[in-house]
Amino acid sequence: MGIRSVLSKPLAKFVVQRQQEWMHRPGETQQRWFRNLLDGAKNTAFGRDHRFKDINSYPEFRQAVPIRDYEDLKPYIERILAGESDVLWKGKPVYFAKTSGTTSGTKYIPITKESIPNHINSARDALLNYIHETGKADFLDKKLIFLSGSPELVVKNGINIGRLSGISNHHVPAYLRTNQLPSYETNTIEDWETKLEKIIDETLTQPMSLISGIPPWVQMYFDRIQARTGKKIKDVFPDFSLFVYGGVNFEPYRAKLYESIGKKVDSIETYPASEGFIAYQDTQTEEGLLMMLNSGIFFEFIPAEDYFSKNPRRLTIEQVELNKNYAVVIHNNAGLWGYSLGDTVKFVSNDPYRLLVTGRIKHFISAFGEHVIGEEVEKALQYAMEQHPETEVVEFTVAPMVSPVEGLPYHEWFVEFATPPNDPDAFVRDLDRRLTELNVYYKDLISGSILRPLKLTVLPRDTFRNYMKAQGKLGGQNKVPRLSNDRVIGEGLLEIVQTV
């Protein structure tokens, strides 16, 4: 065993012991952060505008601070970008994480000196929990790869601006930096396909043990390696033992990834966002991700069915119920107040609080009142793939067809297969049947002849890759929405097919 793996075990034990101190006291932990955050921002412009000094209770806070999205917060962000201090949080942010929104264009998410540990320590602790539970630490002594955005930053009025994954790259612990790949120079390449080839050049002969990234981009990395070598990943990287991922549901990609690898490897799921690191998988034996209740964030939860109402219910962690969908709202020590992440989660445990990410609150299909959500289409696809085990899916998205040339309206599934089902018609029947079981409104529309069963549109290989490239969103942290209430993405995919 190397020095890294040896030293990691006592550190892992210490971190898990500290974790135990707060994870079983969720209400007390969140209340402490509630008071700390109010105190930290009471003299800021936002704190004065929302009379933080006069707030003595959570109900008063709820009255004073509305739920907001990026556009609502943008006037404060623009003041910070112009050079003003003490706007949303004391002083100035150290960074702005630059990200693209579906409705807001480019977003600048503040990261402060106080909020950096939320991003960096949470990622570290996910690995340490794994080491503590399994005793496996040898992977730290070999090479680790984090498929991420460019670490290059620009500076505006004293604030560093870049992608979150690139910012995080600057905070990789020194003891891991010597075995981290790719090189800084390769990581700064903006064109994803050029960068990917350089990453393969650097990693192909190395003892890779940990690979981390968003599943579809990791799959592309594996595909290119296999095209070069003609070998399974296990034969190229015999030391590969741990896959760390986040950003999308792993299930639609699992079969294809493991087929590419050629063996099963352990995995750790994480739930990072530019706005904050929300949760990570703390155990290999229990379902769900441990929520970061002691990491600079005070959380609220809005029942998904209330989200678009005029006065939605706002709940604290102790008020949520298991197996119900909630939209996540955060208040944090980066200066995000009443900020709706746009994600929906479902709690599967309350001692400690563990969750599943179920989708995006604005990503749904409800052209006819069915309100089909991301969790439902992913579960339906997973079921159909289980019934047709030869099937491997590269990527998919779903859109409504409201006014077809003939016949009833329907949901159209745009799917790119690595290996298509042997019986496509049976695959569609299984897919549609499972969706009717998961969503009673969809079932009623089918049985009431308002909708006809779904239509499967099989896309040629690389359609999604070419679509994302055309949108300037190939690689990095970019993801294809699982479903949408219009046909913008669907029509864009069809245009790609026509031009190839």
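**Figure 1. Spacing of domain 1 and domain 2 in the predicted model.** The C-alpha centres of the two domains are 29 Å apart. Domain 1 covers residues 1–296, and domain 2 covers residues 364–499. The model is predicted.

**Figure 2. The interface between domain 1 and domain 2.** On one side, 21 residues of domain 1 take part in contacts; on the other, 22 residues of domain 2 do. Interface size is often quoted as the accessible area lost when parts come together. Here the buried area is about 1800 Å². Carbon and sulfur atoms give 55% of that area.

**Figure 3. Charged and polar pairs across the domain boundary.** Side chains of opposite charge can pair when their charged atoms come close. Four salt bridges link domain 1 and domain 2. Polar contacts between the domains also involve four residue pairs, with both residues at pLDDT 80 or more. A close-up pair to inspect is Lys469 with Glu193, a side-chain salt bridge with an N to O distance of 2.7 Å.

**Figure 4. The domain 1 face that touches domain 2.** Three elements each give two or more residues to this face: α10 (192–203), α11 (215–229) and α13 (251–261). The largest share comes from α13, with six residues. By residue class, the face holds 10 nonpolar, five polar and six charged residues.

**Figure 5. Residues 291–349, the span annotated as "domain: GH3 middle".** The annotation comes from an unreviewed UniProt entry. Strand makes up 46% of the span, and helix 0%. The C-alpha atoms at its two ends are 10 Å apart.

**Figure 6. A salt bridge inside helix α1.** The model has 34 salt bridges by the distance rule used here. One of the close-up examples pairs Arg18 with Glu21. Their closest N and O atoms are 3.8 Å apart. The cut-off is 4 Å, so this pair counts as a salt bridge. Both residues lie in α1 (residues 3–23). Three residues separate them in position, about one turn of the helix.

**Figure 7. Cis peptide bonds at Pro182 and Pro352.** Most peptide bonds are trans. The bond from Leu181 to Pro182 is cis, and its omega is near 0°. Pro182 sits in the loop between β6 (180–181) and α9 (184–187). The bond joining Asp351 and Pro352 is also cis, with omega about 5°. Pro352 belongs to the loop between β14 (339–350) and β15 (353–360).

**Figure 8. Backbone geometry at Arg51.** Most residues other than glycine have a negative phi. Arg51 is not a glycine, yet its phi is positive, about 45°. Its place is the loop between α3 (45–49) and α4 (58–64).

Technical notes: Residues numbered from 1 in each chain as written. Predicted model: local features only at pLDDT ≥ 70, side-chain atom pairs only at ≥ 80, totals over all residues. Heavy atoms only, no water. Domains from an automatic or database assignment. Contact = heavy atoms within 4.5 Å. Buried area = accessible area lost by both parts, 1.4 Å probe. Polar contact = N/O pair within 3.5 Å; in protein donor to acceptor, adjacent residues only side chain to side chain. Helix = DSSP H or I, 4+ residues; strand = E, 2+ residues; numbered from the N terminus. Nonpolar A, V, L, I, M, F, W, Y, C, P; charged D, E, K, R; others polar. UniProt positions renumbered as here; feature names shortened; annotations may be inferred.
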